[in-house]
Amino acid sequence: MEEYAELARILDGQSGIAGLELNISCPNVKQGGLQFGTDPVMVEELVAAVKSQTSLPVMAKLSPNVTDIVAIARAAERGGADCLSLINTLLGMAIDIENRKPFLANTFGGLSGPAIKPVALRMVYQVASEVPLPILGMGGITNTRDVIEFLMAGATAVSIGTANFVNPLVTREVLDGLRDYMEQNQIASVQELIGAALPHGLPKKGSA
Ligand SMILES: Cc1cc2nc3c(=O)[nH]c(=O)nc-3n(C[C@H](O)[C@H](O)[C@H](O)COP(=O)(O)O)c2cc1C
């Protein structure tokens, strides 16, 4: 926890940094990472510790490896997070049947890509319904349709990771596709799509 705060202090005031994304959800590192992101008390403390050391906007990156993602998002909000990003990878594993051993050196590792999209979308939808912070949505996005789903679930921005390994041009293609979709459906601003599928729209600040 001290190292997160120290890093925030060192990065504060460095040129060229627009904000800090706080990875409190890394499943691949033995010490640190996941245990921070799965405990609401630690999430609140950690975000508050970082916020106290920086004037930069702080985005907390949430782990999906929890029972109640909204409780974690609320804890990050209480700690002073300016925005949230979700989801990080789901814990998974593979077994080498010849050697009868787990494939990964750490036994478990992060699962990403299209397989996790429904989980990611559900979590963005749940958090966007309850917590009045902007969300950077991600998890399995591979095409324009996926992006529109995340926006409609309440994400204000999206991020594409794994799909770049398959198609390095994916982000450009998705941008073009989004423009086409908006033209065809006479949508003037992407703002019209954000939270469109939420039953009560996005929560207002102070209403949660
Ligand atoms: C190779 C690889 C490395 C990653 N490294 C990080 C990391 O260092 N920090 C982090 O917060 N998330 C990391 N992630 C998680 C991604 O940022 C993203 O949350 C997740 O993969 C889901 O999105 P995607 O399905 O579009 O990849 C990594 C993912 C992959 C596939």
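This passage describes the overall fold, the central sheet, selected residues and the ligand shell of a predicted model. Residues are numbered from 1 along each chain as its sequence is written. Because the model is predicted, local features are reported only at pLDDT of at least 70 and side-chain atom pairs only at pLDDT 80 or more, whereas totals for chains, interfaces and linings use all residues.

The secondary structure of the chain comprises 8 helices and 9 strands, where helices (H or I, at least four residues) and strands (E, at least two) are DSSP runs numbered from the N terminus. The C-alpha trace spans about 50 × 50 × 35 Å along its principal axes. The radius of gyration, taken over C-alpha atoms, is compared with a globule rule of 2.2 Å times the number of residues to the power 0.38; for 208 residues a compact globule would have a value near 17 Å, and the 18 Å of the chain agrees with this. Buried residues make up 33% of the 208 residues, a residue being termed buried if 20 or more other C-beta atoms, placed from the backbone, lie within 10 Å of its own, exposed if 12 or fewer, and partly exposed in between. Of the contacts with a separation of 6 or more, 67% are between residues 24 or more positions apart, a contact being defined by C-beta atoms, placed from the backbone, that lie within 7 Å.

An open sheet of 5 strands has the order S1-S2-S3-S8-S9 with parallel pairing, two strands being taken as paired if DSSP finds at least two bridges between them. Strands S1 (20-23) and S9 (157-159) stand at the edges with a single partner strand each, so one side of each is left without a neighbour in the sheet. From one strand to the next, the twist averages 25 degrees, with axes fitted as lines to C-alpha atoms (for helices over the stretch in contact) and angles running from 0 to 180 degrees between N-to-C directions.

At one edge, S1 pairs in the parallel sense with S2 (residues 58-61) over 4 bridges, and Leu20 has Val58 of S2 as its bridge partner. The side chains of S1 alternate, in that Leu20 and Leu22 point to one face and are buried, while Glu21 and Asn23 point to the other and are not. Leu20 is also among the residues touched by Thr54, together with Ala8, Arg9, Leu11 and Asp12, when residues up to four places away in sequence are not counted. Thr54 itself lies in the loop between helix H3 (40-51) and S2, and is partly exposed, with 19 other C-beta atoms within 10 Å. The C-alpha atoms of Thr54 and Gly19 are separated by 9.4 Å, although these residues are 35 apart along the chain.

At the other edge, 3 bridges join S8 (residues 135-138) to S9 in a parallel arrangement, and Gly137 has Val158 as its bridge partner in S9. Helix H5 packs on the sheet, touching strand S3 (83-86) and S8, and its direction makes about 165 degrees with that of S8. Val119, located in H5 (residues 117-130), counts as partly exposed because 16 C-beta neighbours lie inside 10 Å. Beyond residues up to four places away in sequence, Val119 touches Pro64, Ile87, Leu90 and Gly139; the C-alpha atoms of Val119 and Gly139 are 8.1 Å apart, with these positions 20 residues apart in sequence numbering.

Several backbone features may be noted against the general expectation that most residues other than glycine have a negative phi and most peptide bonds are trans. The peptide bond from Leu86 to Ile87 is cis, with omega near 10 degrees, and Ile87 lies in the loop between S3 and strand S4 (90-92). Thr107, in the loop between strands S6 (101-102) and S7 (109-111), has a positive phi near 70 degrees and is exposed, with 12 other C-beta atoms within 10 Å. Gln186, in the segment after helix H8 (170-184), has a positive phi near 50 degrees and is likewise exposed, with 7 other C-beta atoms within 10 Å.

The ligand is surrounded by 17 residues, of which the closest are Asn23, Ser112, Met138, Gly161 and Thr162; a residue is counted as near if its C-beta atom, placed from the backbone, lies within 6 Å. By class, this shell has 6 nonpolar, 10 polar and 1 charged residues, with Ala, Val, Leu, Ile, Met, Phe, Trp, Tyr, Cys and Pro counted as nonpolar, Asp, Glu, Lys and Arg as charged, and the others, Gly among them, as polar.

Notes
Contact = placed C-beta atoms within 7 Å.
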